[in-house]
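Got your viewer ready? Let's take a short walk through this model, one selection at a time.

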Amino acid sequence: MDCCVPLLLALLLAGNGWCQQEEVCSKSVINSCGDCIRSGPHCVWCQQLNFTKVGAQEAVRCDTRAQLIARGCPVEEIIAPENLVDIVEARPLNAVFEGRELVQMSPQRINLKMRPGLPSSFNVSFKRAEGYPVDLYYLMDLSYSMKDDLAQVKGLGRDLFRALNKITQHGQIGFGAFVDKTVLPYTNTNKEKLEKPCDQKDQQCQPAFGYTHVLSMTKSADEFGKKVSEQFISGNLDSPEGSLDAMMQAAVCGEKIGWRNSSTRLIVLTTDAGFHMAGDGKLAGILEPNDKQCHMARNIYTKSSEMDYPSVGQLATVLEKNNIQLIFAVTKNVEAVYKELSKMIPKSEVGTLQSDSSNVVALIENAYNRLSSKVTLSHDNLPDDVRVVYTPMCTNSGPPGENEGVCDNVGVQEQISFKITVTASSCMTDKSFTIRPQGIRDTLTVMLSTTCDCQCENPSEEFHSHCNYNGSTDCGICRCREGFLGQFCECSAGVKDEQSLQQTCRRDNGTVCEGRGDCVCGRCQCHTTESGTSYHGEFCECDDDHCEKFQNKQCGGNGKCNCGKCECSDGFEGSACQCKTSQDGCRTASNTVCFGRGDCECNRCKCHGGYQPPNCLTCLGCPDQCQAKLNCIECQGFDSGPFKKNCSEACSASIRSNLVQKFSLSGKECHRKDSEGCWITFKLDQLPGKDNYYAEIYDMRDCPKPPSVPAIIGGSVALVALIGVAMLLLIKLLIYMNDLKEFKKFENEKKKSKWAEADNPLFQNATTTVANPTFTGE
């Protein structure tokens, strides 16, 4: 039993606020009391005149209340603006309707004066009214599939009014009907089908229509029954209907529907099909978006074929704005669809309608009871940087939330409360927002302003002694008159203004004294650090508290910190003085340190570019030394090459060599061609140092024999002659081939010719023959 005492004591202390989280003031740049108040909800200001020390920043006046009191600031000198809640209007709750205006929520108007970041809370009371007027608008789908439902509804007028009278003695009912837009592809646009969209056997069928308002709100059951009995079924092509069009017009055409100002407004939608929504109008070439305005003429929606369907968001906004609650009375086949729709529309319920709508009265009654017993508080037009949290205080309360607060199963005349917590995160003036119960006319207007400046009690002296009679005090700070500067106006500016003097305290146009000191008469007076040491340097840029640590000790405990760098004691080295001064680990077999190609730090070689630890012996990224040293090898071994004239100057510092007949060095053998085309063979040995080599050069070069000039000349002449003979033969061959071709062509033409054997009538022989007539031939 004794072991439980500490636990019980801890719980008691926590319940009394002893375990509350410690208040913190997160300061940034603080130059005045106003800066302090704006920097955080728990920051307060000490206006005591002598609270700051000479050279200290005035920002030390800004801290939590507990810290300032601990540093000696009197409580009466602390400036800490508080949140103020002013209830401007709070009419008493009146939850019984007696012909006068009901008040179900109080207060009605509140003014808040707040500090940025500091939450402010107030309570809102709500009492569910008894006998509150109800306006019920019955919106029915008159497509052909609802034929049997219409017949049932025609006889339900008195039952509806009887159920409504159980709720209130001040009930009214209206009636409207809808099908769909009278354009393709929703409705057959054939003239005969527009006039009679039903089957031919149905004699009673009204023309196709989008939405028709049939009956405004009435208290007469007979009138309701008469108007409904005059309605007939209609039809369309596709399954989804234009129910969103109808609900939008019923919500915005308040005067035509007959909605009363002080009433619970209900729309009961009965249908057995889904719905078209924004964007579906494109199928019919309707591109104009819904404008959420009333377009009724002679009780018919005139823009049905010109304007697209509304979106679900548009409909939800309009219904909430007009305090209209929805009851979806739908058949089983589309129940799931409308339950999803109900989640996006506040204050809406879904009931399952029987196939002939015979249970519609009970469905409406049950849905109304669920809607009216659930009280949901939410807000409109919330300003930027304002956060609201609702905490319901009732028997069946929902969780605290930023968007709404919910109390369920609230009985008639039962009073409940909500705790409203408002937080403004920035400065603002004369902002407002509205809190309202969803579906109910009552509203609470919250006016909001923030306190971002201090109201200090300043001494009346124009030139105060605290400011060396050169200025006045403002919340404990000196405000110097023209020509004087400094924390206490002790500095005469002379020909320079304050801005010029301040500029001399900035390094590279940065912060004044690096934010670590005050600029007094053009010179930095540095502050002390948290450890008690002082910042130093011309611009207070140095401190001795932030050097590199080793084994959680600054400078390894083997040196002192000076301006962010360690100054090591004798026998230690390293950036954090973590190493003893020694070169044992860097010594090579030749008793050199890192082969002269690196520095020994912390007893380890830190090699220069390209050379590899541990001893900087090899260089993986360095160029090929065989090629790099070739010119020096050529001039030292054979007195030739580019360095022939200045060989000692160019090469003696980096390489020395000997001509040998046999190599004594181990390692890679270099075989390179020199400037004369001869092949030189040599070996290199890198000595300690970055560019220090010894070379052994094979004393014989491999030079190729020079070419034979006579042979070259003779061969060239023979080759030219051979080419000439070949060219002549080729020309001769081409000529022969061409002649042969022409001869063959002649022979072919000759064979083709045919000579005529007839006499030419124009031809006359040159010989004349004369016959002797007396010659007889004997």
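A residue counts as buried when its relative accessible area is under 20%, as exposed over 50%, and as partly exposed in between, using a 1.4 Å probe and protein chains only. Before we start, note that this is a predicted model: local features need pLDDT of at least 70, side-chain atom pairs count only at pLDDT 80 or more, and totals for chains, interfaces and linings use all residues. Residues are numbered from 1 along each chain as its sequence is written, and side-chain values use heavy atoms, with hydrogens and water left out.

**Stop one: the aromatic cluster**

Select Y138 and F175; both are buried. Their rings form a stacked aromatic pair, 5.9 Å centre to centre with 10 degrees between the planes. (Rings of Phe, Tyr and Trp, the last by its six-membered ring, pair if their centres lie within 6.5 Å; planes under 30 degrees apart are stacked, over 60 edge-to-face, and the rest tilted.) Y138 sits in strand β8 (residues 134–141) and F175 in strand β9 (residues 171–178), so the pair ties together parts that are 37 residues apart in sequence. Helices (H or I, at least four residues) and strands (E, at least two) are DSSP runs, numbered from the N terminus.

Now add F224, which is buried, as is F175. F175 and F224 pair edge-to-face, at 6.0 Å centre to centre and 80 degrees between the planes. Since F224 lies in helix α7 and F175 in β9, this pair ties together parts 49 residues apart in sequence. Throw in F161 too: Y138, F161, F175 and F224 form one aromatic cluster.

**Stop two: two crossing helices**

Show α5 (residues 157–167) and α7 (residues 221–229). Which residues meet here? G157, R158, L160 and F161 in α5 meet A221, D222 and F224 in α7, where contact means heavy atoms within 4.5 Å. The residues of this contact divide into 4 nonpolar, 1 polar and 2 charged. (Ala, Val, Leu, Ile, Met, Phe, Trp, Tyr, Cys and Pro count as nonpolar, Asp, Glu, Lys and Arg as charged, and the others, Gly among them, as polar.)

**Stop three: an enclosed helix**

Jump to α15 (residues 630–638): 7 of its 9 residues are buried, so this helix is largely enclosed by the rest of the structure. Colour L630, C632, I633, E634, C635, G637 and F638 to see the buried ones. What covers them includes α14 (625–628), α16 (647–651) and β36 (655–660). Finish at D639, just after α15, which takes a positive phi of about 55 degrees.

Technical notes: Axes fitted to C-alpha atoms, helices over the stretch in contact; angles between N-to-C directions.
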